[in-house]
Amino acid sequence: MKNTNSIKFIFIILFFIAGVLSSLFLGGTGEMNDYIFYAIRIPKTITAIIAGCTLSVAGLILQVIFRNPLAGPYVLGISSGASLMVALTLIGTQSVFLMEGYYASKSLVLFSALAGSMAVTGLILLLSKRIGSNVILLLIGLMIAQICGALQGALEYFADPGKLKSFVMWSMGSLAGTTLHDSLLLATLGLIFIAATFFYIKPLQAFLAGQNYSESSGIDYKKNRFVLILISSALTGITTAFCGPIAFVGISVPLLSRLIFKTSDQLTQILSSILLGAVLLLFSDMACHVFSQYTLPVNMITTIIGAPFVIYLLFKNRQV
Amino acid sequence: MISCDQNINVQDHTVKELFTDLRPVGDLKFAKRFSISENASLKMICLFGNKDPKDTSAIYYLIKDSTLKLSGSNKRFILNGKCDRIASLSSVYSTMLTELGETEKIVAVENLDYYNNPSLLEKNRRSALVELSKGPEIDLEKTILLKPDIVFTFGMSGSVPDSKLTNAGIPMVIAVDHLEEHPLARAEWIKFFAAFTDKMDRADSIFNETEKNYDKLRSMTKGVDFRPTVLTEIKTGELWYVPGGKSFVSTFVKDAGGKYLWDDVQQSGSLALGLEEIFVKAKEADFWLNQALVNSKKEMIEQEPRYADFKAFKIGQLYNNTLHTNEKGYSNYWETGITHPDQILSDLIQILHPELNVSENKLFYFYQKLKD
């Protein structure tokens with residue numbers, strides 16, 4: 001089993017390397033120079049890798065906590081909270097250029113997304129202290145997502161076409177909108193929170209067996225659940241802030257990881273989710289540029305390509 | 001020209017008699033999506049379809065002979081005489097109507113937030129104008145209660161309830177001027193609106209002047225030695241929508257003596273490209289036009305710092321069509337420029353070929369250089 005998993009990891013790493021090289025050197029117009037490589041390709045590649053890692057880990061944490069393969073950053077309303085705050089910023093204000101300086105104004109969108117995701121996270125965490133049942137917490141998260149969606153819909157309804165277009169484009173997700181500085185900042189923040197996850201492998205392992213088992217193993221269930229939801233929200237929030245909401249990755253990658261590595265060992269699952277998430281987004285980005293005259297939105301690719309593949313795998317392996 | 005229409009019913013006459021001596025009106029030179037003809041009894045205005053310009057999508061009969069009792073089906077609209085109460089759901093059409101001297105006939109518009117038109121804004125201050133859609137859909141009840149003789153809207157609008165208005169006896173015109181391929185063709189649509197208000201002479205005069213100015217300006221750039229390259233638009237999210245080679249932008253740049261970088265793309269619609277594709281083709285572009293709502297180089301950098309790596313940015317050759325904007329930030333470029341493409345061309349020639357001195361006073365109508 002160990003040897004099989006090692007071989008699987010090697011293959012995934014090879015795919016990862018292929019994805020990185022493709023992202024850096026293939027596609028586009030076929031022309032390459034230093035500027036394109038350093039200012040466009042490298043930031044995009046770093047963003048794809050980090051976004052894939054963070055969303056996958058965020059999804060894995062939530063699926064373990066809620067013991068539900070459909071749990072992900074969207075279902076708790078975290079992404080919806082981020083989208084709502086960005087909608088308020090882009091649509092609700094006269095202009096997005098309210099503050100001086102590039103980092104201030106693009107930061108406004110970034111902080112809005114973070115603030116929105118943290119606000120929803122705060123609410124979920126507050127409720128998690130009072131509500132023991134994960135099912136109820138998940139349902140509340142779904143309702144919060146619905147409320148955020150409805151408010152966002154109202155803003156969109158009254159928005160003028162130009163601002164609405166800006167927001168719609170943001171909500172399609174983007175891996176290429178980051179500069180080198182942005183991508184390094186995303187990488188730093190993302191890696192900090194991913195690293196924090198590794199300190200909670202034992203609680204995650206225990207959570208698989210449920211709350212009672214966890215507590216009987218000496219693990220403070222509520223406290224660890226609190227921290228893990230916080231980590232998951234932070235991972236989702238920072239990625240959404242830099243890239244917009246990217247669909248499907250948080251749900252599908254942990255699922256794919258479990259299908260490939262048929263083990264409940266959470267260290268294996270975290271490592272494989274990190275790699276698979278990066279691979280998925282690297283190849284999705286390549287698929288976005290398959291037509292020379294059009295760049296497709298990354299959300300469309302991650303969902304259209306990924307979802308049927310997961311359905312196929314689920315048919316083949318009925319226990320997930 | 002249609003010689004007989006089987007979707008018309010008429011009392012006391014044969015349909016064939018109705019169409020006797022129908023002669024074309026308006027001497028259309030560029031516009032292909034409508035026709036006007038008339039005889040002693042009626043005026044017939046035909047709209048030609050979205051997909052096939054030969055397909056008649058609607059016909060409007062303006063009855064001159066009050067004894068005629070006409071009824072129609074299948075997108076045939078009967079109007080008694082000319083229109084005196086007009087709901088205009090496009091600032092472009094409103095501009096054409098006000099230039100025809102029909103401001104007082106406009107009883108409603110869609111949303112004044114988009115308007116720079118001083119006569120309509122003044123009419124609104126007198127509370128003599130109704131707004132029908134502050135959101136994406138028009139207020140159906142308000143529209144019906146207003147009892148306009150006609151509602152003008154445009155073909156891309158999906159939010160106007162076509163059958164509900166026509167069932168209430170209000171004819172609707174879904175104009176397709178945006179499908180015309182040349183700026184002069186779209187400007188010629190002033191004759192279309194003039195047909196509904198009996199102002200054809202005035203429309204002819206306005207259009208002839210526009211055409212004469214446009215041709216004079218275009219001829220001045222025919223012999224230029226150097227055609228500067230032009231990039232347009234900015235990113236929206238990850239994508240950069242650049243108009244195709246058959247778009248108005250491409251035509252204007254060519255007629256202004258420039259070279260539009262995507263003039264070889266055989267479509268009028270936009271291409272959705274990434275920053276890399278744009279950079280490869282346009283990093284050395286001499287001029288950069290039409291940066292949406294941006295008013296300064298600083299704002300551009302705030303949105304995307306990599307704009308600073310384009311040559312046009314470095315040498316400060318950035319021009320946007322936001323010289324005149326209203327309180328809400330909307331410019332008059334489309335509102336007025338569609339009717340006066342000669343003014344757009346004048347601005348562009350002054351930008352791309354200032355040595356030609358097309359305007360003695362260096363008067364700009366729509367464009368301004370971006371501030372730092």
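Me: Is A:Val20 buried or exposed?
Reply: A:Val20 counts as buried, at 16% relative accessibility. Keep in mind that this is a predicted model.

Me: Where does A:Val20 sit?
Reply: A:Val20 is in helix 1 of chain A, which covers residues 2–25.

Me: And which residues does A:Val20 touch?
Reply: Leaving out residues up to four places away in sequence, A:Val20 touches A:Thr45, A:Ile49 and A:Leu282.

Me: What separates A:Val20 and A:Met85?
Reply: Their C-alpha atoms are 33 Å apart, and along the chain the two are 65 residues apart.

Me: OK, confidence next. What's the mean pLDDT of chain A?
Reply: The mean for chain A is 85, with 92% of its residues at 70 or more.

Me: Where in chain A does pLDDT stay under 50?
Reply: That's residues 94–104 of chain A. The model has 30 contacts beyond four places in sequence for that stretch.

Me: Let's move to the two chains together. How many residues of each are in contact?
Reply: 37 residues of chain A are in contact with 35 of chain B. Between them, about 3,000 Å² of area is buried, and carbon and sulfur atoms give 56% of that.

Me: How many salt bridges cross that interface?
Reply: The rule finds one between chain A and chain B. A:Arg41 and B:Glu276 make a salt bridge through their side chains, at 2.7 Å from N to O.

Me: Which helices of chain A touch chain B?
Reply: The elements giving two or more residues to that side are helix 2 (34–66), helix 4 (102–130), helix 5 (134–158) and helix 6 (161–171) of chain A. Helix 2 has the largest share, with five residues.

Me: How do the residues on that side of chain A divide up?
Reply: There are 14 nonpolar, 17 polar and six charged residues on the side of chain A that touches chain B.

Me: And how many residue pairs are in polar contact between the chains?
Reply: Five residue pairs, with both residues at pLDDT 80 or more.

Me: Back to salt bridges. Why would two side chains pair like that?
Reply: Side chains of opposite charge can pair when their charged atoms come close. Over all chains, this structure holds 23 salt bridges.

Me: What does B:Lys235 pair with?
Reply: B:Lys235 meets B:Glu304 in a salt bridge, at 2.8 Å from N to O. B:Lys235 is in strand 14 (residues 235–236) of chain B, while B:Glu304 is in the loop between helix 11 (297–303) and helix 12 (311–314), so the pair ties together parts that are 69 residues apart in sequence.

Me: Are those two buried or exposed?
Reply: B:Lys235 and B:Glu304 are both buried.

Me: What about B:Lys311, which residue is its partner?
Reply: B:Lys311 forms a salt bridge with B:Asp286, and their closest N and O atoms are 2.7 Å apart. B:Lys311 is in helix 12 of chain B and B:Asp286 is in the loop between helix 10 (275–282) and strand 18 (287–289), so this pair links parts 25 residues apart in sequence.

Me: How accessible are B:Lys311 and B:Asp286?
Reply: B:Lys311 is partly exposed, with a relative accessible area of 26%. B:Asp286 counts as buried, at 14%.

Me: Which residues are linked in a network of salt bridges?
Reply: B:Asp84, B:Glu102, B:Lys105 and B:Lys199 are linked that way.

Me: New topic: B:Gln350. Where is it?
Reply: B:Gln350 is in helix 14 of chain B, and at 9% relative accessibility B:Gln350 counts as buried.

Me: What lies 2.8 Å from a polar atom of its side chain?
Reply: The backbone oxygen of B:Leu363. Among the residues B:Gln350 touches beyond four places in sequence are B:Val358, B:Ser359 and B:Phe364.

Me: Last one. What's phi at B:Ala292?
Reply: Phi of B:Ala292 is near 55 degrees, a positive value in a residue other than glycine. B:Ala292 is in the loop between strand 18 and helix 11 of chain B. B:Asn357 isn't a glycine either, and has a positive phi of about 50 degrees.

Conventions. Residues are numbered from 1 along each chain as its sequence is written. Chains are lettered from A and ligands numbered from 1 in the order in which they are written. Side-chain values use heavy atoms; hydrogens and water are left out. Contact means heavy atoms within 4.5 Å. Buried area is the accessible area (1.4 Å probe) that two parts lose on being put together, summed over both. A salt bridge is a side-chain nitrogen of Lys or Arg within 4 Å of a carboxyl oxygen of Asp or Glu. A polar contact is a pair of N or O atoms within 3.5 Å; within protein, one must be able to donate a hydrogen and the other to accept it, and residues adjacent in sequence count only if both atoms are side-chain atoms. Helices (H or I, at least four residues) and strands (E, at least two) are DSSP runs, numbered from the N terminus. Ala, Val, Leu, Ile, Met, Phe, Trp, Tyr, Cys and Pro count as nonpolar, Asp, Glu, Lys and Arg as charged, and the others, Gly among them, as polar. pLDDT is the predictor's confidence in each residue, from 0 to 100. Buried means under 20% relative accessible area, exposed over 50%, partly exposed in between (1.4 Å probe, protein chains only).
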